[in-house]
Amino acid sequence: MAAVRRLQLCAVSPAGTHSASVIFLHGSGDTGQGLRSWVRDILTPDLAFSHIRVIYPTAPVRPYTPMRGALSTVWFDRYKISRDCPEHLESIDTMCSSLGAVIQEEVWSHLAELVHVCEQQPDGPAIGLSLVFMEVTGWVVLEWGFSMGGAMALHLACRYHPDVAGVFALSSFLNKDSAAFQATEDRFHRGLPLPELFQCHGSTDELVLPAWGEETSALLRKAGMSTLFYSFPGLSHQLSPPEMEMLRSWILQKLPPAGPS
């Protein structure tokens with residue numbers, strides 16, 4: 001098995017105690033730093049929190065078939081930009097391994113911080129380490145992405161890390177026969193929990209057609225996932241302040257600050 005490729009990360013640290021993480025995946029041809037700058041430019045105040053670390057990874061450079069094999073920072077390859085073709089599962093699964101490593105690093109980082117806090121207590125580190133493990137395995141991470149990053153986040157959440165607190169996809173779609181649909185349905189029929197999907201799409205998006213986003217939401221809902229879909233009139237293939245404000249509220253709903261002990 002090939003070694004998991006380590007990704008370059010851009011991160012915004014919480015102002016206070018770190019208790020949760022959000023991973024935001026950029027679209028094709030962008031970088032984590034580029035997406036971070038874009039979010040900062042359109043959203044006031046910035047997408048920063050007192051308790052949440054926001055992480056912007058950068059996809060590795062690879063040949064991209066829709067660009068005739070030219071090199072680009074993309075999460076996976078596509079045969080073409082269309083819902084009506086097979087997925088390039090080999091490249092998708094390879095990147096799921098790399099992003100899964102980012103999730104695990106966040107989980108263990110949070111665990112180490114909690115253990116350190118416990119060690120400072122008069123009764124020593126044994127004060128409820130079982131609770132520490134329960135906390136870091138279920139709700140600490142949200143996955144999200146724009147455009148191709150949203151599709152990547154959906155594969156990661158539906159097929160590899162369904163225990164995340166939630167997943168959101170902005171201006172994104174899955175191919176109509178995506179492996180993510182079957183994985184979601186299988187998990188639902190086994191009575192296992194699934195993350196909620198928060199999805200937004202511009203009504204005038206000409207790159208990723210609005211119907212593609214709506215059909216993705218409908219098929220995931222049919223498979224058993226709880227989905228929220230919002231259409232933004234007049235918005236093309238881009239982020240918007242109202243969309244990001246709605247997203248901020250949803251993030252805080254899923255990852256609220258810890259109450260006083």
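**Exercise 1. In what sense do β8 and strand β9 pair, and over how many bridges?**

*Solution.* Before starting, keep in mind that this is a predicted model.

Step 1. Find β8 at residues 196-202 and β9 at residues 227-232. The two strands pair in the parallel sense, over 6 bridges.

Step 2. Pick a pair of residues to anchor your view: Leu197 stands opposite Thr227 in β9.

Step 3. Now trace the connection. From β8 the chain crosses through helix α6, residues 210-223, to reach β9, and this β-α-β crossover is right-handed.

**Exercise 2. Work out which strand is joined to β8 by 5 bridges, and follow the chain between the two.**

*Solution.* Step 1. The partner is strand β7, residues 166-170, and it runs parallel to β8.

Step 2. Val167 stands opposite Leu197 in β8.

Step 3. The path from β7 to β8 goes through helix α5, residues 179-189, and this β-α-β crossover is right-handed.

**Exercise 3. Decide how well covered β8 is, and sort its residues by the way they point.**

*Solution.* Step 1. Count the buried residues: 7 of the 7 in β8 are buried, making the strand mostly covered.

Step 2. Sort them. Glu196, Phe198, Cys200 and Gly202 point one way, while Leu197, Gln199 and His201 point the other way.

Step 3. Put the two together: the residues pointing either way from β8 are all buried.

**Exercise 4. Place these strands in their sheet and say which strands stand at the edges.**

*Solution.* Step 1. Write down the order. The open sheet has 7 strands, arranged β1-β3-β2-β6-β7-β8-β9, and its pairing is mixed.

Step 2. Look at the ends. β1 (8-12) and β9 each have a single partner strand, so one side of each is left without a neighbour in the sheet.

Step 3. Check the turn from strand to strand: with direction ignored, neighbouring strands are turned by 15° against each other on average.

Step 4. Visit the β1 edge. Here 5 bridges join β1 to strand β3, residues 52-58, and the two run antiparallel. Gln8 stands opposite Thr58 in β3.

Step 5. Stay in β1 to look at Ala11. Ala11 has a relative accessibility of 36%, so it counts as partly exposed. Its C-alpha lies 9.9 Å from that of Phe24, a residue 13 positions apart from Ala11 in sequence.

**Exercise 5. Test whether the length of helix α4 agrees with its residue count, then judge whether α4 is enclosed or open.**

*Solution.* Step 1. Helix α4 has 13 residues, 148-160, and at 1.5 Å a residue should span 18 Å.

Step 2. Compare with the model: the end C-alpha atoms are 17 Å apart, which agrees.

Step 3. Turn to burial. Since 11 of the 13 residues of α4 are buried, the helix is largely enclosed by the rest of the structure. Among them are Met148, Met152, Leu154, His155 and Cys158.

**Exercise 6. Describe how α5 packs against α4 and against α6.**

*Solution.* Two packed helices are described by the angle between their axes and the distance between the axes.

Step 1. For α4 and α5 the angle is about 30° and the axes are 8 Å apart. The cut-off for roughly parallel is an angle under 35 degrees, and α4 and α5 are therefore roughly parallel to each other. α4 passes α5 in a left-handed crossing.

Step 2. For α5 and α6 the angle is about 25°, with the axes 8 Å apart. That makes α5 roughly parallel to α6. The crossing of α5 and α6 is right-handed.

**Exercise 7. Locate two non-glycine residues with positive phi, and a cis peptide bond.**

*Solution.* Step 1. Arg68 has phi near 60° and lies in the loop between β4 (61-64) and β5 (70-73). Its relative accessible area is 83%, so Arg68 is exposed.

Step 2. Ser147 has a phi of about 55° and is found in the loop between β6 (141-146) and α4. At 11% relative accessibility, Ser147 counts as buried, the cut-off being under 20%.

Step 3. The cis bond runs from Thr44 to Pro45, with omega near -5°. Pro45 sits in the loop between α1 (32-42) and β3.

Notes: Residues numbered from 1 in each chain as written. Predicted model: local features only at pLDDT ≥ 70, side-chain atom pairs only at ≥ 80, totals over all residues. Heavy atoms only, no water. Helix = DSSP H or I, 4+ residues; strand = E, 2+ residues; numbered from the N terminus. Expected span 1.5 Å × (residues − 1). Buried < 20%, exposed > 50% of the residue type's maximum accessible area, 1.4 Å probe, protein only. Pairing = 2+ DSSP bridges. Right-handed = clockwise from strand over helix to strand, strands pointing away. Axes fitted to C-alpha atoms, helices over the stretch in contact; angles between N-to-C directions. Parallel < 35°, antiparallel > 145°, perpendicular 65-115°, else oblique. Left-handed = near helix turned anticlockwise from the far one by under 90°.
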